[in-house]
Amino acid sequence: MTDKKRIMLIDNEEGLCRMMEAVLLDNGYDVKGYTRSFEAVEEFRSGDWDLLVTDIKMPGMDGLEVLQKVKARDPQLPVIMITAYATVEMSIQALRRGAYDMLTKPFEPEELLYRVKNALKHTQLLEENRELREELVGKFRFDNIIGASAGLKDVLAKVEKIAIRDTSVLITGESGTGKELIAQAIHYNSLRKAKKFVAINCGALPESLLESELFGYKKGAFTGAKENRQGLLETADGGTLFLDEVGNLPMNVQKTLLRFLQEQEFLRVGDTTPTKVDVRLISATNADLKEAVKSGAFREDLYYRLNVLNLHLPPLRERKEDIPLLAAHFIALQNKKFATAIKGLTAEAMEAASDFAWPGNIRQLKNVIEACTAMESDDYITLPVLAQFVDLPLIGADREQSVELEAEGEEGDYAKALSRFEVDYLKGLLRKNGGNVEAAAREAGMNMATIYRKMKKYNLRREEYA
C-alpha cells in the first residue's frame, strides 16, 4: 500500500492539465488528471482521494458544480479552485461551498506546489485532531474508569445521567480520589465533547493572579497588562471549565463567577463591556463547603449555583476490592511505557496493599506502583520493595503481638525502655543476618512488613549491617 498523497486534477485545457500532472508526479504525489468534469465526478469515490484541484470555468459541468457534488460525497476533502477570472464574488461563492483555496491563472509550478502542500497539511491536522478527539472520548468512557466496588458503580451510574444534562456539577471527595477524571468523563460523554475541557486548580494560584487567569483582562488594566488577554472562561467557550479546589476562591472572584452563572456573562479585569460565553461549569473540592458557608468564607448563593448536581467520590479505603484492579492497571501502564514485564504483586504484598489505608487515595497508589516497578527486579512486586514506599500495617501474628504489647505497656519510662529494646534487638538481628531483612524476620518470627516499618521508625538502614 502506497503512502503517496492522491490528487485528482480537473481542467479542460489539456496542456495545463498535463503540466500540473507532471509537476505533481515529479514531487512524489499520486496524480490522475481529467479534462472532462463529468467523467471525473462519475469516477469520484469518497476516501479514494486526498485532494481535488479543479478549474472553475469549464464546459458542461463547471467547477462550482463539481465542488458541490464532491463535497456532498466527501465533506472533509480539501479542494483548490483554479480560475483566470478571480472576482471577489466568485471567491466568496467558492469558499462558501467548501473550497479550501483559490489559485489564479497564470501561475508558476512552485505556487501550485505551495498551495497543494498547504491544503494537504491542513487535512493532516484535521485528521490528527479527529483522532485525538476519538482517543480522548475513548479514554474517558465509563468502562475505562477502573473499579468494581459498589461505591464506584453508584458514582458512574450518576455520571451517566449527569453527563447529558447541561447543568453545574459539584464533585466532592478526598484528595487523590479522581475528581478531575470524573469531570473529564462527564465532559467527554456530553454534547460538548467536541469542544475544549479546560481545568484550573484554584488553590495553586495567588489571589492576584486567579481573577485575571479566569476572566482575562483589558490592556492597561494593571501594570504589565500590555494587551488584551483572554481568560480561561473564554478559552472554554462551547465546552467545559473545571474548577478544582473551588473552596479556595477569594470573595471577589466568587462574586464575578456568580454573575457568570446567573447571566452567562462576566467582566474582564479592567473592562466595562460584558463578555458572553457558553460554558458548562464543573467544580470540585475536598473541603466542607457547607462549613465554609456557615463561617462566611464561601458565598451561600454561589454554593447553591455550583451544587445543582452533586457527586461524592468514596476514598480508596472504602473501595478495597478496587485496589488489585487499580494496581494491575498502573502496572500495565508502566510496562507499556518502559517495556518492562512486571506481572503483578506477590500474594503477601497484595495483602499488605489491601490492608493499607492509602491516605493519598488513588494518586498515592499510582505513585507507589510507579516507584515499585522502577525498583523491582523480580517478575512480581514483593513486600520488601512495597515496604520501601509505604508504612505498611501489621498483619497476621504481628498485629496480635502488637495488641498484646499495647495492652501491657504504659506511657513514659516503659515506652522508652521498649523503644530502646526494639532498636537494640533490630540492630542485633540485622547484624547477625548481614542486613538480610527476610532472614531477620524469619528468625524473629515476625512479618517482613513489621521489620521494615520499625526500621523506618528508628531510621535503621540495612546497608549498614550488610
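**Group meeting: two helix pairs, a pocket and a cavity**

Okay, let's start near the end of the chain numbering I'll be using: helix H19 passes helix H20 in a right-handed crossing. Before I go further, please keep in mind that this is a predicted model.

So, H19 covers residues 437–444 and H20 covers residues 448–457. Their axes come within 9 Å, and the crossing angle is roughly 110°. That makes H19 roughly perpendicular to H20, because angles from 65 to 115 degrees fall in that class. Who touches whom? On the H19 side you have Val 437, Glu 438 and Ala 441, and they meet Met 448, Ile 451, Tyr 452 and Met 455 of H20. By class, that contact has six nonpolar residues, no polar ones and one charged.

Hang on to Tyr 452, since that residue also turns up in the lining of the largest cavity. How many cavities of 30 Å³ or more does the structure hold? Just one. The largest cavity comes out at about 30 Å³. Around it, along with Tyr 452, sit Ala 387, Val 390, Asp 391, Leu 392, Ala 449, Arg 453 and Lys 456. Sorted by class, its lining has five nonpolar residues, three charged and no polar.

Now for the other helix pair. H13 runs over residues 323–338 and H15 over residues 361–375. Two packed helices are described by the angle between their axes and the distance between the axes. For this pair, the angle is about 50° and the axes are 9 Å apart. H13 and H15 are therefore oblique to each other. The handedness of their crossing is right-handed.

At the contact, H13 brings Ile 323, Leu 326, Ala 327, Phe 330, Ile 331 and Gln 334. Facing them in H15 are Ile 362, Leu 365, Lys 366, Ile 369, Glu 370 and Thr 373. Those contact residues split into eight nonpolar, two polar and two charged.

A few of those names come back when we look at the largest pocket, which holds about 880 Å³ of space. Which of its 31 lining residues are closest to the centre? They are Gly 178, Leu 181, Phe 330, Ile 362 and Lys 366. Phe 330, as I said, is in H13, while Ile 362 and Lys 366 are in H15.

As for where the lining comes from, H6 (150–163), H7 (179–188), H13 and H15 each give at least two residues. H7 supplies the largest share, with five. And the chemistry is mixed: 13 nonpolar residues, ten polar and eight charged.

Last, two backbone details to look at on the screen. Lys 105 and Pro 106 are joined by a cis peptide bond, with omega at about -10°. Pro 106 sits in the loop between strand S5 (101–104) and helix H5 (109–139). The other one is Gln 264, which isn't a glycine but has a positive phi, near 60°. You'll find Gln 264 in the loop between helix H10 (251–263) and strand S9 (265–266).

Methods. Residues are numbered from 1 along each chain as its sequence is written. This is a predicted model: local features need pLDDT of at least 70, side-chain atom pairs count only at pLDDT 80 or more; totals for chains, interfaces and linings use all residues. Side-chain values use heavy atoms; hydrogens and water are left out. Axes are lines fitted to C-alpha atoms, for helices over the stretch in contact, and angles run from 0 to 180 degrees between N-to-C directions. Helices (H or I, at least four residues) and strands (E, at least two) are DSSP runs, numbered from the N terminus. Angles under 35 degrees count as roughly parallel, over 145 as roughly antiparallel, 65 to 115 as roughly perpendicular and the rest as oblique. A crossing is left-handed if the near helix is turned anticlockwise from the far one by less than a right angle, and right-handed if clockwise. Contact means heavy atoms within 4.5 Å. Ala, Val, Leu, Ile, Met, Phe, Trp, Tyr, Cys and Pro count as nonpolar, Asp, Glu, Lys and Arg as charged, and the others, Gly among them, as polar. On a 1 Å grid over the protein atoms alone, a cavity is a set of points where a 1.4 Å probe fits but cannot get out, and a pocket is an open set with protein on both sides within 12 Å along at least five of seven lines; lining residues have an atom within 4 Å of a point. Grid points are joined across faces, edges and corners, and a volume is the space filled by probe spheres set on the points.
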